[in-house]
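Please work through the exercises below with the sequence and the 3D view open beside you, trying each task before reading its solution.

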Amino acid sequence: AVPDELQRALGEHAGRITGLTELMAQPESAVWPALDVTPRLASRLGDLSRSIDGANAAPTAGQYRYFDHLQNEFIEVLTGVNRYLSEEAEKLNIIFKRHGIPAILLPGAIEINSRN
């Protein structure tokens with residue numbers, strides 16, 4: 001049987017990881033298009049790319065502003081991923097160690113290059 005502490009910790013971390021990934025992409029289980037579901041970052045970037053690619057002209061000022069908005073959102077999501085990897089995931093390794101489970105090898109922080 002899985003100890004309660006371990007089961008709770010795994011559930012909590014799975015929820016955090018799911019929350020981070022759902023900020024980036026639509027969950028596969030979601031019905032699309034659903035009126036109550038906001039397109040995720042990946043979908044909105046794809047839509048912007050198609051709208052720029054579909055015109056025989058340079059991107060508009062509005063498209064540049066929208067790209068800047070999406071870029072800022074992307075940086076926020078990566079910052080959340082980095083925070084999870086540097087702070088939260090290590091807490092799970094501590095619980096693993098208490099139960100004799102090998103640690104998860106954690107990658108370094110994702111480098112974020114900002115234009116500013």
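## Exercise 1: Placing Arg98

Arg98 has its place in helix α3. The model used throughout is a predicted one.

Task: determine whether Arg98 is buried or exposed, and state how far apart Arg98 and Leu6 are in sequence and in space.

Solution. Begin with the relative accessible area, which for Arg98 is 53%. The cut-off for an exposed residue is over 50%, and Arg98 is therefore exposed. Then turn to the pair: Arg98 and Leu6 are 92 residues apart in sequence, and their C-alpha atoms are 9.4 Å apart in space.

## Exercise 2: The overall make-up

Task: state how many helices and strands the protein has, and what share of its residues counts as buried.

Solution. Counting the secondary structure gives three helices and zero strands, and reading from the N terminus the order of elements is α-α-α. For burial, 24% of the 116 residues count as buried. As a further step, consider the contacts with a separation of 6 or more, of which 57% are accounted for by residues 24 or more positions apart.

## Exercise 3: The largest nonpolar core

Task: name the residues of the largest nonpolar core and find which helix gives the most to it.

Solution. The largest nonpolar core consists of five residues, namely Leu6, Ala9, Leu92, Ile95 and Phe96. Helices α1 (4–24) and α3 each supply at least two residues of this core, and α3 gives the most, with three residues. Looking at one member in detail, Ala9 touches both Leu92 and Ile95, when residues up to four places away in sequence are not counted.

## Exercise 4: How α2 packs on α3

Task: work out which term describes the relative direction of α2 and α3, give the handedness of their crossing, and describe the residues that meet.

Solution. Start from the geometry: helix α2 (residues 41–53) and helix α3 (residues 61–98) pack at an angle of about 155 degrees, and their axes are 11 Å apart. Angles over 145 degrees count as roughly antiparallel, and α2 and α3 are therefore roughly antiparallel to each other. The crossing of these two helices is left-handed. Next, list the contact: from α2 come Leu41, Arg44, Leu45, Leu48, Ser51 and Ile52, which meet Gln63, Tyr66, Phe67, His69, Leu70, Glu73 and Phe74 of α3. Sorted by class, this contact of α2 with α3 has eight nonpolar, three polar and two charged residues.

Terms used: Residues are numbered from 1 along each chain as its sequence is written. This is a predicted model: local features need pLDDT of at least 70, side-chain atom pairs count only at pLDDT 80 or more; totals for chains, interfaces and linings use all residues. Side-chain values use heavy atoms; hydrogens and water are left out. Axes are lines fitted to C-alpha atoms, for helices over the stretch in contact, and angles run from 0 to 180 degrees between N-to-C directions. Helices (H or I, at least four residues) and strands (E, at least two) are DSSP runs, numbered from the N terminus. Angles under 35 degrees count as roughly parallel, over 145 as roughly antiparallel, 65 to 115 as roughly perpendicular and the rest as oblique. A crossing is left-handed if the near helix is turned anticlockwise from the far one by less than a right angle, and right-handed if clockwise. Contact means heavy atoms within 4.5 Å. Ala, Val, Leu, Ile, Met, Phe, Trp, Tyr, Cys and Pro count as nonpolar, Asp, Glu, Lys and Arg as charged, and the others, Gly among them, as polar. A nonpolar core is a set of buried Ala, Val, Leu, Ile, Met, Phe, Trp, Tyr and Cys residues joined through side-chain atoms within 4.5 Å. Buried means under 20% relative accessible area, exposed over 50%, partly exposed in between (1.4 Å probe, protein chains only).
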